Amino acid sequence: MATVQDIKRRVRSVRNTSKITKAMELVAAAKLRRAEARIEAMRPYADRMLELMAGTARASSSVRGLPLLQRREPRRVAIVPFTGDRGLAGPFNSQILRRSFALERELRAEGAEVTWLVAGKKGRSTLAFRRYEVAGSWQGFSDQPAYADAQAIAHRLAELYTAEEVDRVVVVFNQYESPLVQRVIQRDVLPIAQDLLESGEEQRREDALRGDFIYEPEPEQILERLLPVYLETELYRALLESAASEQGARMTAMRNASKNAGELIDRLTLQMNRARQAEITQEILEVVAGADALGG
Amino acid sequence: MADERRKFDVSVVTPEGPAFEGEAELLIVPGQAGEIGVLARHAPLVATLKAGSTRVHVSRDDVREFATGPGFFQVQLDRAIALVDDAVAAQEIDRERAQRQLDEARSELERLEAGESDADRWQLEQRIRHAENQLGVAGGT
């Protein structure tokens, strides 16, 4: 049986671990709040961008020539999982990768080729472990992505799409629902959906009321510049959602770890008290037996 | 006052939040083909912007200047919106920091050209452009 000393040592080690998990939980909670605020802060930009894009498309005579809108037979598909840079976040990273590999199997069964690009260290190392070739990888920002990070990813994806090296781009990321719930989402980001550019009767009437905009340069040229920026904002939103999800998942995982540590400490303490009591009983027995021997 | 100019709504919005939101008398933005100045009751306009200096004249002696990245500009019904990928207020530009960022990005680009780095070329070029823009705006004030 373990001695009191052994158990004491284990309790101390578990207690130290629980201090770390507790601290990580608090840090994740603080980062989560920041990530939520940034999702909120980008909303006006994204909304106005969409409005502007729809309006410009209405004014354009033709949108057919734009490369990012071109729909092709998807023979080569790019899969882009957004993972975190660090682990200890429950199922956050593994569920993204599991979904990505499932998607890969599906696409290959349909006869498509798959190109991998990846954000986050965790995803990159998994792909490297499987000896997959990667057409682009970005890391070092998963806990607080900047707009410039989204721009770098968007630039690379648009480049591949325009060069016709891929015919479809799918991003797999965790959508943030609440600190406890993250949902894995796969979203086609390229080609850009045409229906974003279509608008209803009501908007057309509004346009007519407002009068014509002066476009400087031509609406087609403005639209050509708007489309990549739209892609950037979509990716930026996904990066922010993923960052919030990562912190939420880590917070939950660390809360569970702290709880488990607490239970373990309780159990060990009970064991330790039993062992101590056994020792005392043993000593008393020895003393009584000794006294009996002398007295006899 | 007789010479008080009519005000209109101005917003300078970035993906990281609004940089300016409020009323102003005059707004000057760096259009692709040259600076565009907008007063109240301007005709509806959509334009593209390049990186440069955006100036919001809140009143005659209150002018806010921003170093802004490329983006888009829309005027409608007494409301002007500049959508730019980044905006830093002129008085918040840290010349030393911008210079350091510029130097770092340039040396990283050299290392990339020598094949010693796997950084994203396009991203480095963006960082250089952004730092240069900030220095340009800070130099003008």
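## The two domains of chain B

The centres of domain 1 and domain 2 of chain B, taken over C-alpha atoms, sit 25 Å apart in this predicted model. Domain 1 covers residues 8-90 and domain 2 covers 94-140, with bounds that come from an automatic or database domain assignment. Nine residues of domain 1 of chain B are in contact with seven residues of domain 2 of chain B; "in contact" is used when the C-beta atoms of two residues, placed from the backbone, lie within 7 Å.

On the domain 1 side of that boundary, β6 (52-59) and β7 (62-68) of chain B are the elements that give two or more residues. That side divides into four nonpolar, three polar and two charged residues. For these classes, Ala, Val, Leu, Ile, Met, Phe, Trp, Tyr, Cys and Pro are nonpolar, Asp, Glu, Lys and Arg are charged, and the others, Gly among them, are polar.

## Ground rules

Residues are numbered from 1 along each chain as its sequence is written, while chains are lettered from A and ligands numbered from 1 in the order in which they are written. Since the model is predicted, local features need pLDDT of at least 70 and side-chain atom pairs count only at pLDDT 80 or more, but totals for chains, interfaces and linings use all residues.

## Chain B as a whole

Chain B has two helices and 10 strands, and along the sequence the strands come before the helices: β-β-β-β-β-β-β-β-β-β-α-α. Helices here are DSSP runs of H or I with at least four residues, strands are runs of E with at least two, and both are numbered from the N terminus. The C-alpha trace of chain B spans about 65 × 30 × 25 Å along its principal axes.

Of its 141 residues, 38% count as buried, that is, with 20 or more other C-beta atoms within 10 Å of their own C-beta (12 or fewer is exposed, in between is partly exposed, and C-beta atoms are placed from the backbone). If you take the contacts in chain B with a separation of 6 or more, residues 24 or more positions apart account for 53% of them.

## Where A meets B

Chain A puts 27 residues in contact with 27 residues of chain B. On the chain A side, α1 (4-59), α4 (147-162), β6 (214-216) and α6 (219-295) each supply at least two residues, and α1(A) gives the most, with nine. By class, this side of chain A has 16 nonpolar, five polar and six charged residues.

There's strand pairing across the chains too: β6(A) and β5 (45-49) of chain B pair in the parallel sense over three bridges, where pairing takes at least two DSSP bridges. In this pair, B:Val46 is the bridge partner of A:Tyr215.

B:Gln32 lies in the loop between β3 (26-31) and β4 (34-39) of chain B. Leaving aside neighbours within four places in sequence, B:Gln32 is in contact with A:Pro217, along with B:Ala47, B:Thr48, B:Leu49 and B:Lys50. B:Gln32 counts as partly exposed because it has 16 C-beta neighbours inside 10 Å.

## The sheet in chain A

Chain A has an open sheet of five strands in the order β3-β2-β1-β4-β5, with mixed pairing. The edges are β3 (134-138) and β5 (181-190) of chain A; each has a single partner strand, so one side of each is left without a neighbour in the sheet. Ignoring direction, neighbouring strands are turned by 25 degrees against each other on average. The antiparallel pair β4 (168-178) and β5(A) is joined by nine bridges, and A:Tyr176 has A:Gln182 as its bridge partner in β5(A).

Two helices to look at here are α3 (121-129) and α6 of chain A. Helix α3(A) packs on the sheet, touching β1 (76-81), β2 (113-119) and β3 of chain A, and its direction makes about 140 degrees with that of β2(A). α6(A) also packs on the sheet, touching β4 and β5 of chain A, at about 45 degrees to the direction of β4(A). Axes are lines fitted to C-alpha atoms, for helices over the stretch in contact, and angles run from 0 to 180 degrees between N-to-C directions.

## A look at α3(A)

The buried residues in α3(A) are A:Lys122, A:Gly123, A:Arg124, A:Thr126 and A:Leu127. Their cover includes β1, α2 (92-109), β2 and β3 of chain A. After α3(A) comes A:Arg131, with a positive phi near 60 degrees.

## Confidence in chain A

The mean pLDDT of chain A is 86, and 95% of its residues reach 70 or more; pLDDT is the predictor's confidence in each residue, from 0 to 100. Among the elements of chain A, β1(A) has the highest mean (91) and α5 (201-210) the lowest (64).
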